[in-house]
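Here are some short exercises to work through with the model open beside you. Try each task before you read its solution.

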Amino acid sequence: MAASPGPAGVAGAAGAGAVYGSGPSGFALDSGLEIKTRSVEQTLLPLVSQITTLINHKDKTKKSDKTLQAIQRVGQAVNLAVGRFVKVGEAIANENWDLKEEINIACIEAKQAGETIAALTDITNLNHAESDGQITIFTDKTGVIKAARLLLSSVTKVLLLADRVVIKQIITSRNKVLATMERLEKVTSFQEFVQIFSQFGNEMVEFAHLSGDRQNDLKDEKKKAKMAAARAVLEKCTMMLLTASKTCLRHPNCESAHKNKEGVFVRMKVALDKVIEIVTDCKSNGETDISSINIFTGIKEFKINIEALRENLYFQSKENLSMTLEVILERTEDFTDSAYTSHEHRERILELSTQARMELQQLVSVWIQAQSKKTKSIAEELELSILKISHSLNELKKELHSTATQLAADLLKYHADHVVLKALKLTGVEGNLEALGVYACKLSEQKEQLVETCRLLRHVSGTEPLEITCIHAEETFQVTGQQIISAAETLTLHPSSKIAKENLDVFCEAWESQISDMSTLLREINDVFEGRRGEKYGYLSLPKPMKNNASLRSLKPDKPDPEEQAKIAKLGLKLGLLTSDADCEIEKWEDQENEIVQYGRNMSSMAYSLYLFTRSEGPLKTSQDLIRQLEVFASEGLKLTSSVQAFSKQLKDDDKLMLLLEINKLIPLCHQLQTITKSSLQNKVFLKVDKCITKTRSMMALLVQLLSLCYKLLKKLQMENNRWVSVTNKDTMDGKT
């Protein structure tokens, strides 16, 4: 996996451009370690298969030439596979000196085992004493088994050591991100912030790659969902960090701006720590197993226990069974105590809880009788009691599910138009502090409703991955609600501030995005409850899986494979960071009405829409929307080059040449993008979108460079003009004297 960010020299996160643009599967790797690590794992599977074939062959006294030749081929194949495996292991060892000795020893053992297997299965070494046309000697099967055990042991060692390398890289990458974040927290000048944020963008792209690959490799669905949630926080907070920090720099004495920024930093640090906990398999202090508070999980375990009584009447004690039911019913108080649960639902839940208690008492009574006398009638009565309490618990599940999902659906429908967010934005622009207090209270009420609903959905989620997604949604609403209020307060205090308005927009977009995710989550929970889905789900996180994406269904008629999903998501993330860099460059310009700035801002805005599209968000809903947007994007790019050419006429020859060289890079990219958007690729829509995103990303990287260069040349031109004016004025004054 990538151990360091991409080459420097390009403004902002564009410096990490090579991370996406080169290398196998879209990766640029300093040492190719990621590819090597994956090769180790891929080599293991055929090895196991071949060794199993070799050992499990029929043990006959006599073997034909054909059988022995087949055994020899398997032995040689094993040896060749081991050879490739060893090369990969040695390459990893050479790049990790602290583990070099251990990996090399394991590789030597593997090589010896492979050679032994090849030698023991080589028919040329056999004594061809034949009597009736069949070979009577068999290869040393005991020796082959011994060598195979040594081989598998050494392979396992290499894999475990390679895994330590990957974990170390993720930790190192996290530490680099944290160090840069500390510098960003202390920054006092805008120029310094732009420089450090560019480095931060590079490091976040690297961390996204490493943690994303780790997420894909995880076998535990619960860990996978936790990783996805943590990475979702980091993705969204990266954009928030930019605007929140810029607002603080623009309004250094504003307390609400600092509070807003600090909230983003705290959340990102928690998410970074969560990723490390997952990859190192460590639990933070006080962390409890989420299954202990899930009603559906409790009911499932309780039913398993009572059904076990059919086979074993002494499976467990009656006290344990009663206590388990009481714990389940105690958790239903989250529903009955909620102010948002309707009277009808509350009464029905209490009624079913009472019924479950009564039926457990009946079951225990029959159970005691069944232990003392084993008659057919008692067995039938026990079976009936088990069925009755199972039915009551199923009815309770239905009622709880109906309560939570109906509340969530009503809430999402009621807040679909985001009236409160719109009011807060308007209040901020008007500078109305009194109205701010009113709408801040309304948003807080909405936040509490959503948080409460997420807690109820946790109980009925049905699977651990979906339960983790509920927890993520709950935390997001809790934190983002407070941040929107502080961002709105900043804008209200500084109503003419463009950056404060942009900052509030970013936090409101995060809220709207989470509302959209909650709608998808609700649909997933209903699917699981009604048995329409299996145990594996797409997580509502970074990167968003395209297969569950309603707005991307027109993007590709068939289901994209994981490699396509990963590629689109990574290109989209990179594009999002590049738009941040472009915005940083635009912010430097004093004259915001300058044509170059206007075209640059338009291009950045459209590129950001494309980034949102890769996450199933924003205004672009179909691939056709995307293509139309890119046609306009290419057109804006050509208009930008015209404006830059006009500006270049004011410059000296050397500066003019330098600027024209950059323009000449952008013009062909604009034409190429126009060609791609007009091309027809039937049943290859993914390929077309992939090309468009890649081309747009290259154009945005050039845009960042152009904006930076134009700004520097403009400043230089202004300084020269000022000197000329100063000298002219001095000459005039001397003449008058």
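Buried means under 20% relative accessible area, exposed means over 50%, and partly exposed lies in between (1.4 Å probe, protein chains only). This is a predicted model, in which local features need pLDDT of at least 70 and side-chain atom pairs count only at pLDDT 80 or more, while totals for chains, interfaces and linings use all residues. Residues are numbered from 1 along each chain as its sequence is written, and side-chain values use heavy atoms, with hydrogens and water left out.

**Exercise 1: cysteines**

Decide whether C107 is buried or exposed, and find how many disulfides there are.

Step 1. C107 has 1% relative accessibility, so C107 counts as buried.
Step 2. C441 has a relative accessible area of 47%, so C441 is partly exposed.
Step 3. A disulfide is a covalent bond between the sulfur atoms of two cysteines. The test used here asks for a pair of cysteine sulfur atoms within 2.5 Å. By this rule the count is zero.

**Exercise 2: a salt bridge between two helices**

Work out which parts of the chain the pair E102 and R164 ties together.

Step 1. Side chains of opposite charge can pair when their charged atoms come close. For a salt bridge, a side-chain nitrogen of Lys or Arg must be within 4 Å of a carboxyl oxygen of Asp or Glu.
Step 2. In the pair E102 and R164, the closest N and O atoms are 3.9 Å apart, and a salt bridge is formed.
Step 3. E102 lies in helix 4 (residues 100-120) and R164 in helix 5 (residues 141-186), so the pair ties together parts that are 62 residues apart in sequence. Helices here are DSSP runs (H or I, at least four residues), numbered from the N terminus.
Step 4. E102 is partly exposed at 42% relative accessibility, and R164 is partly exposed at 45%.

**Exercise 3: around helix 12**

Find where A356 is placed, and which side chain meets R357 in a salt bridge.

Step 1. A356 belongs to helix 12. Its relative accessibility is 0%, so A356 counts as buried.
Step 2. The C-alpha atoms of A356 and L325 are separated by 8.3 Å, with these positions 31 residues apart along the chain counted as their distance apart.
Step 3. R357 meets E326 in a salt bridge, at 2.9 Å from N to O. This pair links distant parts of the chain, with E326 in helix 10 (residues 318-331) and R357 in helix 12.
Step 4. E326 is partly exposed with 36% relative accessible area, and R357 is partly exposed with 34%.

**Exercise 4: another pair**

Decide whether E474 is buried or exposed.

Step 1. R455 and E474 meet through their side chains in a salt bridge of 3.0 Å, N to O. The pair links helix 15 (residues 433-460), which holds R455, to helix 16 (residues 464-493), which holds E474.
Step 2. R455 is partly exposed at 37% relative accessibility, whereas E474, at 12%, counts as buried.
Step 3. Elsewhere, salt bridges that share partners join K246, R250, E502 and E587 into one network. The count of salt bridges comes to 30.

**Exercise 5: a positive phi**

Find where H418 sits.

Step 1. H418 is in the loop between helix 13 (376-414) and helix 14 (419-430).
Step 2. Most residues other than glycine have a negative phi. Phi of H418 is near 55°, a positive value in a residue other than glycine.
Step 3. H418 has 14% relative accessibility, so H418 counts as buried.
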